[in-house]
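Please open the structure in your viewer and keep the selection tool at hand. The tour proceeds by a series of selections, each followed by a short account of what is found there.

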Amino acid sequence: MEYQNATEQPASLEEETRTVIEEARMILPGIQAFFGFQLIAIFNNRFQDLTQAEQVLHLVALMMLAVSIALIMTPAAYHRIAERGMVSRRFVELASRCLECAMFPFMLSIAVDLFLLSRLILDNRMLSSGIALSTVLMFFSLWYVFPWTHAARARRQRRSSSNPGR
């Protein structure tokens with residue numbers, strides 16, 4: 001009876017596997033497109049307007065994005081090679097962790113490129129730094145803090161509902 005009235009229900013291992021694979025499929029095209037734009041930036045005439053340090057910063061952003069792509073593609077490679085035809089809790093945990101970790105360097109890469117773009121447009125390093133920092137705070141809040149606080153709240157609610165006498 002409680003199960004039917006619950007607003008949440010546990011997913012099967014197969015459903016979790018499908019979900020995590022679908023999440024990676026949704027993220028990857030956007031990151032790959034961003035990677036392409038970052039690669040061609042060096043061929044733009046305005047790239048020469050950046051200082052040597054800023055050009056190196058762009059390279060660092062590109063490398064962080066490559067790390068994101070590697071992390072996002074790791075579950076597919078692992079599943080194809082190590083667990084062909086199987087679904088396991090280990091795969092779901094690995095894939096979830098890889099996706100979670102991939103978002104951090106992706107966030108930093110976006111922020112660095114926004115800093116560089118803002119610097120070219122506004123010619124103001126302080127304002128450009130503020131834009132980059134605001135971007136990091138926004139992404140970190142939405143991608144990490146919001147899910148973490150929701151998960152902690154859900155754990156507290158489950159504990160309190162399982163111990164009604166407390």
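The stops below concern a predicted model.

**The nonpolar core**

Begin by selecting Ile31, Ile72 and Phe106. In the largest nonpolar core, which has 29 residues, these three touch the most other members. Next, colour helix H2 (13-41), helix H3 (52-82), H4 and helix H5 (125-162), which are the elements that give two or more residues to this core. Which element supplies the largest share of this core? It is H4, with 14 residues. As general background, nonpolar side chains in soluble globular proteins tend to be buried together.

**Phe106 and its surroundings**

Keep Phe106 selected and hide the rest. Is Phe106 buried or exposed? Phe106 counts as buried, because its relative accessibility is 11% and the limit for that class is under 20%. Now show the residues around Phe106. If neighbours within four places in sequence are left aside, Phe106 is in contact with Ile31, Phe34, Leu65, Ser68 and Trp143.

**Aromatic rings**

The structure holds 7 aromatic pairs. Select Phe34 and Phe106 to inspect one pair: the ring centres are 6.1 Å apart and the planes stand at 80°, so the pair is edge-to-face. This pair links distant parts of the chain, since Phe34 belongs to helix H2 and Phe106 to helix H4, 72 residues apart. Phe34 counts as partly exposed because its relative accessibility is 23%. Then add Phe139 and Trp143 to the selection; together with Phe34 and Phe106 they form one aromatic cluster.

**The largest pocket**

Turn next to open space. The largest pocket holds about 950 Å³ of space. Select Glu16, Glu23, Ser96, Pro147 and Ala151, the closest to its centre of the 24 residues that line this pocket. H2, H4 and H5 each supply at least two residues of the lining of the largest pocket, and H5 gives the most, with 9 residues. Colour the lining of the largest pocket by class to find 14 nonpolar, 4 polar and 6 charged residues.

**The second largest pocket**

Move on to the second largest pocket, where about 450 Å³ of space lies. Select Phe37, Ala41, His58, Asp113 and Leu117: of the 17 residues lining this pocket, these lie nearest its centre. The elements giving two or more residues to this lining are H2 and H4. How many residues does H4 give to the lining of the second largest pocket? H4 gives 7 residues, the most to this lining. By class, the lining of the second largest pocket has 12 nonpolar, 3 polar and 2 charged residues.

**Two residues on helices**

Finish with two single residues. Select Leu94, which lies in helix H4 (residues 89-122). Leu94 counts as partly exposed because its relative accessibility is 28%. Add Tyr78 and draw a line between the C-alpha atoms: Leu94 and Tyr78 are 9.0 Å apart in space and 16 residues apart in sequence.

Then select Ile21, which lies in helix H2. Ile21 is partly exposed, with a relative accessible area of 27%. Add His79 and draw the corresponding line: from C-alpha to C-alpha, Ile21 and His79 are 10 Å apart in space, although 58 residues apart in sequence.

Key. Residues numbered from 1 in each chain as written. Predicted model: local features only at pLDDT ≥ 70, side-chain atom pairs only at ≥ 80, totals over all residues. Heavy atoms only, no water. Helix = DSSP H or I, 4+ residues; strand = E, 2+ residues; numbered from the N terminus. Buried < 20%, exposed > 50% of the residue type's maximum accessible area, 1.4 Å probe, protein only. Core = buried A, V, L, I, M, F, W, Y, C linked by side-chain atoms within 4.5 Å. Contact = heavy atoms within 4.5 Å. Phe/Tyr/Trp six-rings, centres within 6.5 Å; stacked < 30°, edge-to-face > 60°. 1 Å grid on protein atoms, 1.4 Å probe; cavity = no way out; pocket = protein on both sides within 12 Å on 5 of 7 lines; lining within 4 Å. Points joined across faces, edges and corners; volume = space filled by probe spheres on them. Nonpolar A, V, L, I, M, F, W, Y, C, P; charged D, E, K, R; others polar.
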